[in-house]
Amino acid sequence: MSPERVGVDRAVRDGQGWGMGAAEVRSGVELTNLDQSLFDGAQATKRDLLDYLEAVAEPMIRTLTGRPLSVVRVRPGQEPFVQKNLPKYTPDFVRRVNLWADTSRREISYALCEDLPTLLWFGNQRAVEYHTTLLLADHDQGPTHLVLDIDPPPEADFGLAVRAAHLIRAALNADGLDGAVKTSGSKGVHIIVPLVPGVPIEDAAAATRAVAARAERLDPALATTAFLLEDRHGKVFLDSTRAGGATVVTAYSPRVRPGTTVSFPVAWADLDDVVPADFTVRSAPALVAGDDPWAASLPAPQTLPDDLVAEGHTIPVARVQAMHEGKRRAKARRGE
């Protein structure tokens, strides 16, 4: 079945109809209802989303290639939802990889978004966010990078997240490592540390924990590695739990946030002077302008120092520790 026919059939199944104007065809993909608002507070239409994806397609596809993809879609009048498993109506030109999911105990058919038609097809499905795994579809290489997710407390100024990001960078630099930084597209930032191939998943996870712990020690009044919200006491959370099969929103991905902000690369020298709202589907294309600032900012793949990995293996896994602590506190409350 042709991409054009698939687009038509899908629009009919969604009950969207043709009331919002004629469809357009780009790269062989039929695009419908382009003048609909993306979501409440988006300040952008579906056309704006597709225009953006087309404008940044080359560098964005570079971040997606080879990685199992999950997307966040927003249908009109519905809450956003995560889609991992490709639907049955997915056109044949969308590449896919089938992987076993331990959590749901079933095989998931993930998309591999590696060309413009696939990216536009997802945009036409109202896929706003694009999240990829730290592992390539071929798991033999191991994690390709570490991710430190800087999450400021609710209503906090973005400057707190920036200050915490500099702590992470200082901890990395002290052990001869470096990372690139991007806005998350929400309220925080992500720091990405590329790795040489072959790092075991457990060692990458341990190193991530150790980096966060060392950054916390640099300024414990500002930052915390406490996983439970009630234990953070208004501090910036240094989230070290993105490891193994975890995902992270990719560079250049839009977000389901007011103004349809974008996760966008920032030079360390400029980080103190930006806010997430500077980067939206309307403003970001001019900042890319045919270049790839994310690729330019990424350091070369690095080897993890032995001391960092060793320290990390002494630090409990935050999610597991929090689960046990939550159960203990719940039991104590019941006892009261």
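Reader: What makes strand 8 and strand 10 a pair, and in which direction do they run relative to each other?

Author: Two strands pair if DSSP finds at least two bridges between them. Here 6 bridges join strand 8 to strand 10, so the condition is met. The two strands run antiparallel, and V147 has I192 of strand 10 as its bridge partner. Strand 8 covers residues 145-151 and strand 10 covers 189-194.

Reader: How are the strands and helices identified, and on what kind of model do these values rest?

Author: Both are DSSP runs, numbered from the N terminus: helices are H or I with at least four residues, and strands are E with at least two. By this count the protein has 10 helices and 14 strands. This is a predicted model, in which local features need pLDDT of at least 70 and side-chain atom pairs count only at pLDDT 80 or more, whereas totals for chains, interfaces and linings use all residues. Residues are numbered from 1 along each chain as its sequence is written, and side-chain values use heavy atoms, with hydrogens and water left out.

Reader: What joins strand 9 to strand 10, and which residue between them has a positive phi?

Author: Strand 9 and strand 10 run antiparallel and are joined by 4 bridges, with T183 standing opposite V189 of strand 10. They form a hairpin with 5 residues between the strands, where G185 takes a positive phi near 90°.

Reader: Why is strand 10 called mostly covered?

Author: Buried means under 20% relative accessible area, against over 50% for exposed and partly exposed in between (1.4 Å probe, protein chains only). In strand 10, 6 of its 6 residues are buried. V189, I191 and V193 point one way, while H190, I192 and P194 point the other way. In a regular strand the side chains alternate between the two faces of the sheet.

Reader: Which strands form the sheet, and what makes strand 11 and strand 14 its edges?

Author: The sheet is open, with 6 strands in the order 11-12-8-10-9-14 and mixed pairing. Strand 11 (223-224) and strand 14 (265-266) each pair on one side only. Strand 11 runs parallel to strand 12 (residues 236-239), to which 2 bridges join it, and the bridge partner of A223 in strand 12 is V236.

Reader: Which helices lie on these strands, and at what angles?

Author: Helix 5 (residues 158-174) lies across strands 8, 9, 10, 11 and 12, at about 20° to strand 10. Helix 6 packs on the sheet, touching strand 8, strand 11 and strand 12, and its direction makes about 40° with that of strand 8.

Reader: How do you know whether helix 6 and helix 9 are roughly parallel or roughly perpendicular?

Author: Axes are lines fitted to C-alpha atoms, for helices over the stretch in contact, and angles run from 0 to 180 degrees between N-to-C directions. Angles under 35 degrees count as roughly parallel, over 145 as roughly antiparallel, 65 to 115 as roughly perpendicular and the rest as oblique. Helix 6 (residues 201-218) and helix 9 (residues 306-313) pack at about 90°, with axes 7 Å apart, and are therefore roughly perpendicular. Their contact includes R209 and R214 of helix 6 and D307 and E311 of helix 9; contact means heavy atoms within 4.5 Å.

Reader: Why is N124 of helix 4 called buried?

Author: N124 has a relative accessible area of 5%, and therefore counts as buried. Outside its neighbours up to four places away in sequence, N124 touches E30, L31, T32, K46 and L50. Helix 4 (residues 116-124) is itself mostly covered, with 7 of its 9 residues buried, W121 and F122 among them. Just after this helix, R126 takes a positive phi of about 65°.

Reader: What places A44 among the buried or the exposed residues?

Author: A44 has a relative accessible area of 6%, so it is buried. A44 lies in the loop between strand 2 (29-31) and helix 2 (46-55). Leaving aside neighbours within four places in sequence, its contacts are S37, L38, T260, V281 and R282.

Reader: What makes helix 3 mostly covered?

Author: In helix 3 (residues 57-64), 6 of its 8 residues are buried, including M60 and I61. Their cover includes helix 2, helix 4 and helix 7 (284-288). G66 follows the helix, with a positive phi near 80°.
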